[in-house]
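Biologist: I am new to this one, so could we walk through it together?
Modeller: Gladly; here it is.

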Amino acid sequence: MASADKKPTAIVVGAGVGGIATAARLSKAGYSVTVLEKNSFTGGRCSLINHSGYRFDQGPSLLLLPKLFQETFHDLSTSLEAEDVRLLKCDPNYNMWFGDGESFELSSDTSVMKREIEKWEGKDGFERYLAWLAEAHRHYEISVREVLHKNFTSVFNLLRPSFLRHLVALHPFESIYSRAAKYFWTERLRRVFTFGSMYMGMSPFDAPGTYSLLQYTELAEGIWYPVGGFHAVVAALVRICERSGVNIRLDTAVSSVLTSPTGKQVTGVQLSTGEQLSADLVVINADLVYAYNNLFPNSATSYAKTLQKRDGSCSSISFYWSVSQTIPELKTHNIFLADEYRESFDSIFDRQGIPDDPSFYVNVPSRVDSTAAPEGKDAIVVLVPVGHLLNSATSNTEKATSGPGLLPEQDWDSIVSSARKTIISTIEARTGCAPLEPLIIHEELNTPTSWESTFNLDKGSILGLSHSFFNVLAFRPKTKHPSISGVYFVGASTHPGTGVPIVLAGAKITTEQILHDRGIPIPWENQDSRIRDHGVKQGKGTSPLDVLKSREGAVFLSDVGILAMAALVLVLVLAYVNSGLSVTWDWEGKKGWGTGRI
């Protein structure tokens, strides 16, 4: 351990967004930090591909949950703006393209959503949409507060009253599709409001209903894109690290984590070159399943094998096309949904295959950011979800599978060629754009095998482990190694889960766990929030205009009066009906009560 007059030391294995954010936080807390990255670039999947003036986001291309990004930079005593990260709002959010020639425009503009929904489900449909939005809002707010900002170190954390009382409201035991079907009565809109489960690498027929929060944040907070590509966020975090003295070593692969003779205390890491580096703690940002099966002593433990048998997320075939002219029919974000919607997902997630008629995503970064392509041309990214590989090519242990999967030795050239033809013909047929193939002047490619080899992703699962109920919260691999003291994890396959904003939240959770374990003050713990989303603080000095009142007294009394009057009328009517009396009219001008006769 570090002496009193020497900074404690930390090594972060992997320079993905989670590793870089954790390094920045540890440095702020007083650690001397070294980041080790096997590749020649930072960001992991959140990195760029450049070719002759064209720029592509290799992985993420939508910035969601912007408050989590703002929170990260604020905790580090800076801001996105101060770090020259400029966000552009994507409008519309998406164009959804259907096989029958129809399209649907998803937008954070309520008037657009009203128009689009009423086109298919009428006035009542829009009212049901608002009810769905209210439910998704609860999913979002509860999850951000109770999941993304809290650790789940044991199953007993599931019994926290603040979490348990909201469990039913999160609908974790119903699928996104079944919840959507309650509010949307046409198959078209059920598809529009469930495709987002692909962000979690899951089928909408399996993903817990809670994850409607993802489409909620798109509709309520918008979709954003950083100028210069998504890696601009990582680059800003790298600059923060460098200013605080973090040493980032690229092209530096780690071969193993070193421990004390007893195997219970971490002492550092060994590089693939044989060099050994000492540290008080090691944070693993490499793929968690890969790390357990390759980096630790006695990697062939039952737990490491069990992790390989867990359900993984999907993989993808991703095309990166340099196009010789603009394709105006395509917006920034486009979704092409398979006609056989459920079958396309079952093919991927149940059989881990490649659907004949896939649903896929097309991103045109040059539509929102002109720096992504030369003037008058487009950069296009196509992501086709496919099943993951049958087993891992990177594991040092006996091959363990989680069920069906793609064989690495398949004829990928033939598979890619077939997928390319399907994608191009679908885009042309549904959008009416010019023939695409003659316009593609250069292509880059990722397949399940390249995702695995480049980023050590177990079985090529691009989003880590699945997010089914028994793969999240206390059931997800922990942020702390169960038997080696001083080893922690951050990234897609540990708590709280996958996706750049979620991993940023995870970096905060992991760092705070480290500091708590070592009795080190958390630098940002008592820092005022820059984000005003908790309402005006109530107290003696609160302006009369801002004092919260559940309802005005007059309104409350009025409602009570109406209820009392209604009750009185009901009592009188019932008394009259049961009395056998009848009202008669005295033609001489006098009213009176009769005796049962009219």
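Biologist: How many positive and negative side chains does the protein chain have, and how far apart do the centres of the two sets lie?
Modeller: Please keep in mind that this is a predicted model. The protein chain carries 63 negative side chains and 56 positive ones. Taking the centre of each set, the distance between them is 7 Å.

Biologist: Thanks! What share of the residues in the protein chain is buried?
Modeller: A residue is called buried when its relative accessible area is under 20%. Among the 598 residues of the protein chain, the buried share is 54%.

Biologist: And what part of the exposed area do carbon and sulfur atoms supply?
Modeller: The protein chain exposes about 26,400 Å². Of that area, carbon and sulfur atoms supply 55%.

Biologist: Let's pick one helix. On which side of H10 do Ala-304, Leu-307 and Gln-308 lie, the same or opposite ones?
Modeller: Helix H10 spans residues 302-309, and Ala-304, Leu-307 and Gln-308 are buried there. Because these three cover an arc of only 100 degrees around the axis, they lie on the same side of H10.

Biologist: Which exposed residues does the face of H10 turned away from its buried side carry?
Modeller: We have just placed the buried side, with Leu-307 as one of its residues. The face turned away from that side carries two exposed residues, Ser-302 and Lys-309.

Biologist: Which helix is included in what covers the buried residues of H10?
Modeller: The residues to be covered include Ala-304 and Gln-308. Part of their cover is the helix at 288-294, namely H9.

Note on methods. Residues are numbered from 1 along each chain as its sequence is written. This is a predicted model: local features need pLDDT of at least 70, side-chain atom pairs count only at pLDDT 80 or more; totals for chains, interfaces and linings use all residues. Side-chain values use heavy atoms; hydrogens and water are left out. Buried means under 20% relative accessible area, exposed over 50%, partly exposed in between (1.4 Å probe, protein chains only). Accessible areas come from the Shrake-Rupley method with a 1.4 Å probe; for residues, only the protein chains shown count as cover. Lys and Arg count as positive and Asp and Glu as negative; His and the chain ends are not counted. The place of a charge is taken as NZ of Lys, CZ of Arg, CG of Asp or CD of Glu. Helices (H or I, at least four residues) and strands (E, at least two) are DSSP runs, numbered from the N terminus. The arc is that of the directions from the helix axis to the C-beta atoms. Contact means heavy atoms within 4.5 Å.
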